[in-house]
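User: I'd like to learn how to read a predicted fold feature by feature. Can we start with a hairpin and work outwards?

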Amino acid sequence: MIDYLIIGFGLAGLNFAEQLEDGKKSYLVFENNSQYASRVAGGLYNPVILKRFTAAWKASEQLRIAISTYKNLEQKLEESFVSELPILRRFNSVEEQNLWFEARDKPILKEYLSTELLKNDNAALDIPFHFGSVKHTGKIDIASMLSLYLTDLEKKGRLIRESFEYDFLKINSDAINYKGIKAKNIVFAEGFGMLNNPWFTYLPLQGNKGEYIIIKSTELKLTEAVKSSIFIIPLGNHLYKIGATYNNWDKTAEITQSAKEELEKKLNQFLKVDYEVIDQVAGIRPTTKDRRPIIGTHPIYKNLHIINGLGSRGILIGPYVAKKLYNYIEKGIPLEKEIDIKRFEKLR
């Protein structure tokens, strides 16, 4: 009998696997690449919500745990996929600049919002006012990290590349059995695919479709991420990721012409040089109405657990909630009410 099965492998599954590695637990991962949200995400880690100049939920603690986790992963996988990357917030008015300084006066934001406003020196960008610079930000090549980790799992015999079939799961009080595999616990990390999970369909996972375009521009020469109505994220070799859209209605993972046009329209408002769209990607973010993750144990079956609802901030939230879930299962440390699935028990 092994300790765990993990079903699904985006940022949630990876981070929980790392907790099991640290705890020296035995486990297997089922992955069929059906959910793409983590793989197509922007890859930025940023402790500030730049639309409203507010700190992300538990920003400081999550940032500390996340950076430590991903740096350790780099050493483990012997590859580099974490890089510091400044994020510049484009101001649209003097009023926005003033709001930036008002926000910075709050103790929680002093560490992240720079006091120095930056003038634009990039002729490719139309920036009539200044930039505000966010500190302690960076970029993770999520697709590369996930791919490297899956390869490592495969070498260790811990990866099963196939779809998990719910009908074959047999649940006993002390263990689960799946096609002859016995485990003490099973953790579902399925992202938007959770909607097909018969044990957790009562949970209010909404899903939000995000699309990015990848452009090539030899004239842009941008080395920082720029946030206006959209992000411009430098990828190297004159390539930039532009996005993202937020669509609560379309639940397909297909790219759309309307999203491409929306992103180009916003980009053209402040990009003054030629570019070529060379790719477009889409994924469904696993989101919740209260903007908090969905973590915990099934109310009846105590060896069925879930880690989901990381939304658009999975890079920062993932390591934090994975640690919380592991400590809850293995050490009995209660989950915070904001993330515990018990908050939705009345929906069962």
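User: What joins strand 16 to strand 17, and through how many residues?

Analyst: A hairpin does, through 3 residues. Strands here are DSSP runs of E with at least two residues, helices are runs of H or I with at least four residues, and both are numbered from the N terminus. Before we go further: this is a predicted model, where local features need pLDDT of at least 70 and side-chain atom pairs count only at pLDDT 80 or more, while totals for chains, interfaces and linings use all residues. Residues are numbered from 1 along each chain as its sequence is written, and side-chain values use heavy atoms, with hydrogens and water left out.

User: In which sense do strand 16 and strand 17 pair?

Analyst: The general idea is that strands of a sheet pair through backbone hydrogen bonds, either parallel or antiparallel. Two strands count as paired if DSSP finds at least two bridges between them. Strand 16 (residues 225-227) and strand 17 (residues 231-236) are antiparallel, with 2 bridges. Val226 sits opposite Ile232, and Lys227 has Phe231 as its bridge partner.

User: Is Ser228, in the loop between those strands, buried or exposed?

Analyst: Buried means under 20% relative accessible area, exposed over 50%, and partly exposed in between, using a 1.4 Å probe and protein chains only. Ser228 has a relative accessible area of 8%, so it counts as buried. Its side chain makes a polar contact with the side chain of Arg90 at 3.3 Å. That term asks for a pair of N or O atoms within 3.5 Å; within protein, one must be able to donate a hydrogen and the other to accept it, and residues adjacent in sequence count only if both atoms are side-chain atoms. Leaving aside neighbours within four places in sequence, Ser228 is in contact (heavy atoms within 4.5 Å) with Arg90, Asn92 and Phe270.

User: What comes after strand 17?

Analyst: Strand 17 is joined to strand 18 by 5 bridges, again antiparallel. Phe231 has Gly243 as its bridge partner in strand 18. This hairpin has 2 residues between the strands, and Asn237 in it takes a positive phi near 55°.

User: How do I read the whole sheet, and why do some strands have a free side?

Analyst: Read the strand order. This open sheet has 8 strands, ordered 8-9-7-16-17-18-15-19, with mixed pairing. Strand 8 (113-118) and strand 19 (276-285) are at the edges with a single partner strand each, so one side of each has no neighbour in the sheet. On average, neighbouring strands are turned by 25° against each other, direction ignored.

User: Which helices lie across it?

Analyst: For angles, axes are lines fitted to C-alpha atoms, for helices over the stretch in contact, and values run from 0 to 180 degrees between N-to-C directions. Helix 4 (residues 94-104) lies across strands 7, 8 and 9, at about 155° to strand 8. Helix 6 (residues 257-268) lies across strands 15, 17, 18 and 19, at about 60° to strand 15.

User: Where do I look for backbone oddities?

Analyst: Most residues other than glycine have a negative phi, and most peptide bonds are trans. Here, a cis peptide bond joins Gly243 and Ala244, with omega about 5°. Lys24 has a positive phi near 55°; it is in the loop between helix 1 and strand 2 and is exposed at 76%. Glu78 also has a positive phi near 55°; its loop runs between helix 3 and strand 6, and its 69% relative accessibility counts as exposed.

User: What does the largest nonpolar core look like?

Analyst: In soluble globular proteins, nonpolar side chains tend to be buried together. A nonpolar core is a set of buried Ala, Val, Leu, Ile, Met, Phe, Trp, Tyr and Cys residues joined through side-chain atoms within 4.5 Å. The largest one has 61 residues, and those with the most contacts inside it include Phe9, Tyr27 and Ile307. Helix 7 (residues 314-331) gives the most to this core, 9 residues. Apart from it lies another core of 27 residues, among them Leu28 and Phe192.

User: How covered is helix 7?

Analyst: Mostly: 13 of its 18 residues are buried. Just after helix 7, Gly332 takes a positive phi of about 70°.
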